[in-house]
Amino acid sequence: MTPNTQLGPDPVVNDAEIAAMVTGRDGLRVLLQPQVDLLTGRIVSAEALARWQHPRLGTIMPAAFIPAVNRLGLDKALFERVCLRVIDALLTMRRAGVAVPVAINAPATTLSDQRSVEFLLDRVYAAELPPSLVRVELTEDQPIRDLDVLRASLLRLEDAGCEVSLDDFGTGYASLKLLSAIPLSEVKIDQYFVTRMRRSAVAFEVLRSAAELATRLGWRVVAEGVENVADIPALRAAGCRYGQGFSLGRPMPLDELMVRLRTQRDGGEPLSAPASYASSWIEAFDGGTKDAEPGQAGRRMATL
Ligand code: C2E
Ligand code: MG
Ligand code: MG
């Protein structure tokens with residue numbers, strides 16, 4: 001067994017263990033992170049995020065195993081496993097009357113394979129779920145080998161009613177050519193810009209311009225990595241209608257997400273925040289104009 005250097009110095013975790021996790025029955029866990037409408041505070045969708053529950057090492061994060069999964073050619077197997085979990089989660093949410101669309105991450109190699117797309121669609125139809133409840137997020141961790149092939153796969157998804165989202169926009173491989181070639185419903189602006197926009201006018205302008213381009217093309221704009229509710233007015237001013245981040249909800253088990261969705265359905269506060277959190281949330285909305293120009297404070301800093 002080859003030691004896997006991607007996972008750090010621990011020689012216990014190796015390629016064979018990764019393969020067993022992806023293809024076996026145990027070990028893979030899928031958490032859901034809410035995506036929130038920054039105008040209303042409502043949870044509008046969720047993203048499925050993989051975790052490896054290792055018997056000795058505990059929870060292993062995707063950054064530590066996704067590169068190895070891709071290197072071993074197991075990306076399609078992982079995709080199928082996550083698809084099945086997401087479909088189960090959607091069925092559970094639907095039975096409870098609280099279903100929101102759930103996004104599944106996948107690199108271009110996976111989504112370029114027509115078999116992966118057909119696998120997902122077959123399972124969605126078999127479960128009698130509306131395809132609009134399933135999204136795919138094209139992760140930007142790999143260059144795109146054949147744009148025409150990827151485009152054909154994504155068009156198939158779009159024709160079937162599944163939405164396509166572009167992940168990590170601004171820091172990955174996406175070119176303007178890619179943006180104009182593939183069918184998209186959403187872009188997720190990378191956390192990099194969200195984190196820096198308060199102290200950097202350049203970061204804010206890049207974020208704003210990216211959001212404007214996406215909006216002009218009719219796509220939803222999601223800000224990733226929203227760690228501070230005080231940033232919400234600035235994000236809205238920059239054209240990000242939606243947000244995802246620890247301040248809005250961490251990746252959580254399905255049960256926890258459903259508690260929030262039920263509360264929301266019944267007219268309560270879906271973010272289930274403590275009073276101080278809730279008040280800063282409300283201030284963030286009420287104080288929209290006061291905080292709307294983060295670039296003002298950051299204009300002294302000319303670079304990212
Ligand atoms: P991503 O798709 O961009 O997912 C967002 C990542 O940001 C997640 O990390 C999430 O936990 C983290 N995050 C969310 N809000 C915040 C925040 O406010 N602050 C900070 N610092 N981080 C935040 P995670 O779960 O570790 O996933 C990392 C990446 O691994 C994902 O980035 C995605 O590219 C990949 N990934 C996760 N699950 C899967 C999967 O099932 N399949 C594939 N192919 N890739 C996956
Ligand atoms: Mg993602
Ligand atoms: Mg992302």
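L217 sits in the loop that links helix 9 (201-216) to strand 8 (220-224). This is a predicted model. L217 has 45% relative accessibility, so the residue counts as partly exposed. L217 also joins L176 and L213 in a nonpolar surface patch of about 290 Å².

**Helix 5: length and ends**

- Helix 5 covers residues 114-126, which makes 13 residues.
- At 1.5 Å a residue, helix 5 should span 18 Å, and its end C-alpha atoms are indeed 18 Å apart, so the two values agree.
- D113 caps the N-terminal end of helix 5.
- In this cap, a side-chain oxygen of D113 lies 2.8 Å from the backbone nitrogen of R115.
- Just after helix 5 comes E128, with a positive phi of about 55°.

**Helix 5: the buried side**

- The buried residues in helix 5 are S116, V117, F119, L120, L121 and V124.
- An α-helix has 3.6 residues a turn, so residues three or four places apart point the same way.
- Cover for the buried residues of helix 5 includes three helices: helix 3 (75-95), helix 4 (108-111) and helix 6 (147-160).
- Strand 4 (102-106) and strand 5 (134-138) are also among the elements that cover them.

**A152 in helix 6**

- A152 belongs to helix 6, one of the elements covering the buried residues of helix 5.
- With 40% relative accessibility, A152 counts as partly exposed, because this class lies between buried, under 20%, and exposed, over 50%.
- A152 and L111 are 41 residues apart in sequence.
- In space, their C-alpha atoms are 9.7 Å apart.

Terms used:
Residues are numbered from 1 along each chain as its sequence is written. Chains are lettered from A and ligands numbered from 1 in the order in which they are written. This is a predicted model: local features need pLDDT of at least 70, side-chain atom pairs count only at pLDDT 80 or more; totals for chains, interfaces and linings use all residues. Side-chain values use heavy atoms; hydrogens and water are left out. Patches are made of residues with over 30% relative accessible area and no salt bridge: like charges are joined within 9 Å, nonpolar side chains (Val, Leu, Ile, Met, Phe, Trp, Tyr) within 5 Å. Accessible areas come from the Shrake-Rupley method with a 1.4 Å probe; for residues, only the protein chains shown count as cover. A salt bridge is a side-chain nitrogen of Lys or Arg within 4 Å of a carboxyl oxygen of Asp or Glu. Helices (H or I, at least four residues) and strands (E, at least two) are DSSP runs, numbered from the N terminus. Buried means under 20% relative accessible area, exposed over 50%, partly exposed in between (1.4 Å probe, protein chains only). The expected span of a helix is 1.5 Å times one less than its number of residues. Contact means heavy atoms within 4.5 Å. A polar contact is a pair of N or O atoms within 3.5 Å; within protein, one must be able to donate a hydrogen and the other to accept it, and residues adjacent in sequence count only if both atoms are side-chain atoms.
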